[in-house]
Amino acid sequence: MNKSSNSLSEAPHARQILQALKKHHGKAETALAWDNPWQLLVAVILSAQCTDERVNLVTPPLFAKWPGPGDLAAADLEDLRAAIASVNFYNNKAKHIHAAATLIAEKHGGEVPQTMEELVELPGVARKSANCVLGTGFGMAVGVVVDTHVGRLARRMGLSEHKDPVKVEKDLMALFPKKQWVWLSHALIDHGRAVCTSRKAKCEECPLESLCPKLIDNS
DNA sequence: CTCCCGATAT
DNA sequence: ATATCAGGAG
């Protein structure tokens, strides 16, 4: 038969994985540049399917020109579009950021909301981005951030067999203690960028090699 | 499911 | 030339 029948209950050495990640990605944090939750929210919206490095190129001028939600809500959409033109999906992202700024200015008193329900109502923000803002911006461990890196690593390491990011998140939340969720997200992303890359995983130099079933798939 | 869509790595 | 990048909306 396929994979050993104890698929889910095996609790794949979660503690050892945490220790190994801690050792090699102990100081992992977001690579996005931000000074307050509002800036983090904008950076996260821009970061969809884009490198953090590129996002960090456009956000400083952006925040210098339009410091807060009210400023951005009053901005000309064409100007905003031009300001983020080097980022992918810039047309949609400009609309989303402008609309989110307007909603926050008008309905949230200019403050970024701090609940999952309110955050996902913002244009351009779904569960993954909301988890970023809640976890990194507000220090609230509501969930695990499952982006392209975390999803890929979770599947390769045998921690989840799902493709749906929400289901992967559920698996990770069940495997790891809540206290580690925010840091774990950053550590996995770090590891995904540096070692367990999408194209060609560098298993030879991977500190988690002995903990990995090496089910290197392509999804 | 498709569309959005620039910059960089391979 | 093609795959990938802190995804989300219609």
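**Close-ups of a protein with two DNA strands**

**View 1. The protein surface near DNA strand C.** By class, this surface is made of eleven nonpolar, eleven polar and six charged residues. Keep in mind for this and every other panel that we're looking at a predicted model. There are 28 residues around strand C, and those that come nearest are Thr30, Ser129, His149, Arg152 and Arg199. On the DNA side, sugar or phosphate supplies 63% of the strand C atoms within 4 Å of the protein, and bases supply the rest.

**View 2. Polar contacts to DNA strand C.** Start with Thr30: an N or O atom of its side chain sits 2.3 Å from a base nitrogen of DNA strand C. Gly124 goes for the phosphate instead, with a polar backbone atom 3.0 Å from a phosphate oxygen of the strand. Arg193 also points to phosphate, this time through its side chain, where an N or O atom is 3.3 Å from a phosphate oxygen of DNA strand C. As for secondary structure, the elements that give two or more residues to the surface near this strand are H8, helix H9 (148–156) and helix H11 (181–194).

**View 3. The protein surface near DNA strand B.** Here the residues around the strand are Arg54, Ala85, Ser86, Val87, Asn88, Phe89, Tyr90, Asn91, Asn92 and Arg199. Of the strand B atoms that come within 4 Å of the protein, 55% are sugar and phosphate. Sorted by class, the residues come out as four nonpolar, four polar and two charged. Helix H6 (residues 90–107) gives the most to this surface, with three residues. Look for Arg54, whose side chain has an N or O atom 2.7 Å from a sugar or linking oxygen of DNA strand B.

**View 4. Phe89, a loop residue at DNA strand B.** You'll find Phe89 in the loop between helix H5 (77–83) and H6. A backbone N or O atom of Phe89 lies 3.2 Å from a sugar or linking oxygen of DNA strand B. Check the backbone here too: Phe89 isn't a glycine, yet its phi is positive, at about 55 degrees. Phe89 counts as exposed because its relative accessible area is 52%, and the cut-off for exposed is over 50%.

**View 5. Helix H2 and what covers it.** Helix H2 (residues 37–46) is mostly covered, with nine of its ten residues buried. The buried ones are Trp38, Gln39, Leu40, Leu41, Val42, Ala43, Val44, Ile45 and Leu46. So what does the covering? The cover over these buried residues includes helix H3 (52–65), helix H4 (69–73), H6 and helix H8 (127–138).

**View 6. Ser47 and Gln49, two residues in one loop.** Ser47 is in the loop between H2 and H3, and Gln49 lies in the loop between H2 and H3 as well. Ser47 is buried, with a relative accessibility of 9%. Setting aside neighbours within four places in sequence, Ser47 is in contact with Leu32, Asp52, Val55, Lys93 and Lys128. Gln49, by contrast, is exposed at 63% relative accessibility. Gln49 is another non-glycine with a positive phi, about 50 degrees.

**View 7. Thr102 in helix H6.** Thr102 lies in helix H6, and its side chain reaches the backbone oxygen of His98 at 2.8 Å. With a relative accessible area of 22%, Thr102 is partly exposed; it misses the buried class because that takes under 20%. Asp71 is 31 residues away along the chain, and the C-alpha atoms of Thr102 and Asp71 are 9.3 Å apart.

**View 8. Leu172, a buried residue of helix H10.** Leu172 is found in helix H10 (residues 165–175). Is this leucine buried or exposed? Leu172 counts as buried, since its relative accessibility is 0%. Not counting residues up to four places away in sequence, Leu172 touches Val144, Val146, Val150, Ala154, Leu159 and Trp181. Ala154 is 18 residues away along the chain, with 7.9 Å between its C-alpha atom and that of Leu172.

**View 9. Where domain 1 meets domain 2.** The domain assignment splits chain A into domain 1 (13–28 + 143–211) and domain 2 (37–138). The contact takes twelve residues from domain 1 and eight residues from domain 2. The C-alpha centres of the two domains lie 26 Å apart. Between them, domain 1 and domain 2 bury about 660 Å², and 54% of that is on carbon and sulfur atoms.

Conventions
Residues are numbered from 1 along each chain as its sequence is written. Chains are lettered from A and ligands numbered from 1 in the order in which they are written. This is a predicted model: local features need pLDDT of at least 70, side-chain atom pairs count only at pLDDT 80 or more; totals for chains, interfaces and linings use all residues. Side-chain values use heavy atoms; hydrogens and water are left out. A residue is near a molecule or strand if one of its heavy atoms lies within 4 Å of it. A polar contact is a pair of N or O atoms within 3.5 Å; within protein, one must be able to donate a hydrogen and the other to accept it, and residues adjacent in sequence count only if both atoms are side-chain atoms. Helices (H or I, at least four residues) and strands (E, at least two) are DSSP runs, numbered from the N terminus. Ala, Val, Leu, Ile, Met, Phe, Trp, Tyr, Cys and Pro count as nonpolar, Asp, Glu, Lys and Arg as charged, and the others, Gly among them, as polar. Buried means under 20% relative accessible area, exposed over 50%, partly exposed in between (1.4 Å probe, protein chains only). Contact means heavy atoms within 4.5 Å. Domain bounds come from an automatic or database domain assignment. Buried area is the accessible area (1.4 Å probe) that two parts lose on being put together, summed over both.
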